[in-house]
Protein chains: 2
Amino acid sequence: MRVDTPDIYEDLKRRLMNATLRPGHKLKPSDLQGDYGCSANTVREVLHRLVTIGLVEFEAQRGFRVRAVDQSIFNDVTRFRILLEQEGAERSMEKGGVAWEMHLNAAHHALVHIQTRILKAGDMEPFRALWSEAERHFHETLISACGSALIRRTHANIYLQFRQQMMTLTEEFGGAYFGMIAAEHQQILDAALARDAAGCARAIEQHLRRNIREAA
Amino acid sequence: MRVDTPDIYEDLKRRLMNATLRPGHKLKPSDLQGDYGCSANTVREVLHRLVTIGLVEFEAQRGFRVRAVDQSIFNDVTRFRILLEQEGAERSMEKGGVAWEMHLNAAHHALVHIQTRILKAGDMEPFRALWSEAERHFHETLISACGSALIRRTHANIYLQFRQQMMTLTEEFGGAYFGMIAAEHQQILDAALARDAAGCARAIEQHLRRNIREAA
DNA sequence: CCTGTCAAAAATTTCGAAATTCCGCGCTTT
DNA sequence: AAAGCGCGGAATTTCGAAATTTTTGACAGG
């Protein structure tokens, strides 16, 4: 199979987020080279880019490894995501106009639509990629009017790390899960559109806190 | 001159923070190669690492450039630094023990010491590197007990970006400058040791807000 | 005079191999 | 038997050059 650099990047990212590549697993350019039909140096560069977004770890003279996953790291990632999302949402509520409201509404609508389909089918698997993308899009839209490139970029990276940790730690989504988070997304949306900063911060915190478990 | 990879990294970082390398300037591996007596690929890797911490920008097929600097970017960096430092300080005040208090006191003492020497000499230049390091150390110690690797790492990167922006935008430090920031560092220290979260957040905000100028 | 095309030059990216460094394993020594 | 040493294989890092892509600049056409 022959692919170019951006494809290798996307494919490795996907494998990391699926937890197909397990945490701590060594990522040897010489092995991956075979998967993609390119030179080891090209893989090396892609891995460096994945280090940038926090999905891969690197140590000089010791190579690359899949980012470690455990509950305490997941807690850290989750708390940081709460911080970024609260701040991003608050600033968006200050600065966002009607265009932002429309985009947020649309993103929420798409998310609800997919969740309905999943509940009907009684099986998430065929929709996992779609749902994942819709959820990501809702949360990114929420903070999209914050006016800070740094917050948006950092949040995007943290969101990927969040997914990687979550996919590894919780292998399945329960059925009740969707009911709860559907209500929570609705709360976030309502507070955001009402420009209720405190309420929105509370809703974001509730939505994400479930992932934090002390005494890891 | 022959140096190894970590040295190239440190030297380029230094040149970027000094604003010796001006924003937007193209960083051609083939040129830098001559400065360090290594292959272009080695420089390339170092530049990728500098992208990770935000001092260098990269665009596929178009190479590397020194990170852009302007007032609006500096505003963004500063606001983000305020957010991280407030959160880091608040968590440190919750979790930090007597060891943290001692380290923070020591860091502040060292900073005051250097500032006294600068005021006596009436010239910052010989002490710039020392002062710079002491100031960085104080702010990093402030958040060092926060218990979040993510906050600390992100803050470290943002601090470097802050310096790069500042060194480019404000070429000189006024004399009055030190008087003000000395008082501000004292306020941050006092509030932190008193575990006064709100006061500490206010002090941090005041300390950093001076760098924000609207209507860039 | 402006615009679009095309070839030459320059820069970036990729490559395969050489050089270096690390790691496991058996050996010796105490 | 435990600890230290050194060898051999494997992985990482570096290199110089080839291949690809972008940029430049001149020239023809509108």
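Over all chains of this predicted model, the count comes to 36 salt bridges, a salt bridge being a side-chain nitrogen of Lys or Arg within 4 Å of a carboxyl oxygen of Asp or Glu. One of them joins the side chains of A:Arg79 and A:Glu214, with 2.5 Å from N to O. This pair links distant parts of the chain, 135 residues apart: A:Arg79 belongs to helix 4 (residues 71–95) of chain A, and A:Glu214 to the segment after helix 9 (197–209) of chain A. Helices here are DSSP runs of H or I with at least four residues, numbered from the N terminus.

Residues are numbered from 1 along each chain as its sequence is written, while chains are lettered from A and ligands numbered from 1 in the order in which they are written. Local features need pLDDT of at least 70 and side-chain atom pairs count only at pLDDT 80 or more, whereas totals for chains, interfaces and linings use all residues; side-chain values use heavy atoms, with hydrogens and water left out.

The relation between the two protein chains comes next. Two copies of a chain are related by a rotation about an axis and a shift along it. Here a rotation of 180 degrees with 0.0 Å of shift along its axis superposes chain B on chain A, with an RMSD of 0.0 Å; the fit is by least squares on the C-alpha atoms of residues with pLDDT of at least 70 in both copies. That is the relation of a two-fold axis. In chain B, the C-alpha of B:Thr52 is the one nearest the axis, at 2.5 Å. Both copies use the same surface, since 100% of the contact residues of chain B recur in chain A, where contact means heavy atoms within 4.5 Å.

In this interface, 24 residues of chain B are in contact with 24 residues of chain A. The two chains bury about 1,800 Å² between them, 60% of it on carbon and sulfur atoms; buried area is the accessible area (1.4 Å probe) that two parts lose on being put together, summed over both. Between chain B and chain A there are 2 salt bridges. In a salt bridge between A:Arg44 and B:Glu45, the side chains meet at 3.0 Å, N to O. On the side of chain B that touches chain A, the elements giving two or more residues are helix 3, helix 4 (71–95) and helix 7 (149–169) of chain B. Helix 4 of chain B gives the most, with 8 residues. By class, this side of chain B has 9 nonpolar, 6 polar and 9 charged residues. In this division Ala, Val, Leu, Ile, Met, Phe, Trp, Tyr, Cys and Pro count as nonpolar, Asp, Glu, Lys and Arg as charged, and the others, Gly among them, as polar.

The DNA may be taken strand by strand. Around DNA strand C there are 18 residues, of which A:Thr5, A:Ser39, A:Thr42, B:Arg44 and B:Gln61 come nearest; a residue is near a strand if one of its heavy atoms lies within 4 Å of it. Of the atoms of DNA strand C within 4 Å of the protein, 79% belong to sugar or phosphate and the rest to bases. The side chain of A:Arg62 has an N or O atom 3.2 Å from a phosphate oxygen of DNA strand C, and that of B:Lys26 likewise has one at 3.2 Å from a phosphate oxygen of this strand. A base is approached by B:Asn41, a polar side-chain atom of which lies 2.9 Å from a base nitrogen of DNA strand C. Helix 3 of chain A and helix 3 of chain B are the elements that give two or more residues to this surface.

Around DNA strand D there are 17 residues, with A:Arg44, A:Gln61, B:Thr5, B:Thr42 and B:Arg62 coming nearest. For DNA strand D, sugar and phosphate account for 79% of the atoms that come within 4 Å of the protein. A backbone N or O atom of A:Gln61 lies 2.5 Å from a phosphate oxygen of this strand. The side chain of B:Thr42 places an N or O atom 2.8 Å from a phosphate oxygen of DNA strand D.

How values were computed:
A polar contact is a pair of N or O atoms within 3.5 Å; within protein, one must be able to donate a hydrogen and the other to accept it, and residues adjacent in sequence count only if both atoms are side-chain atoms.
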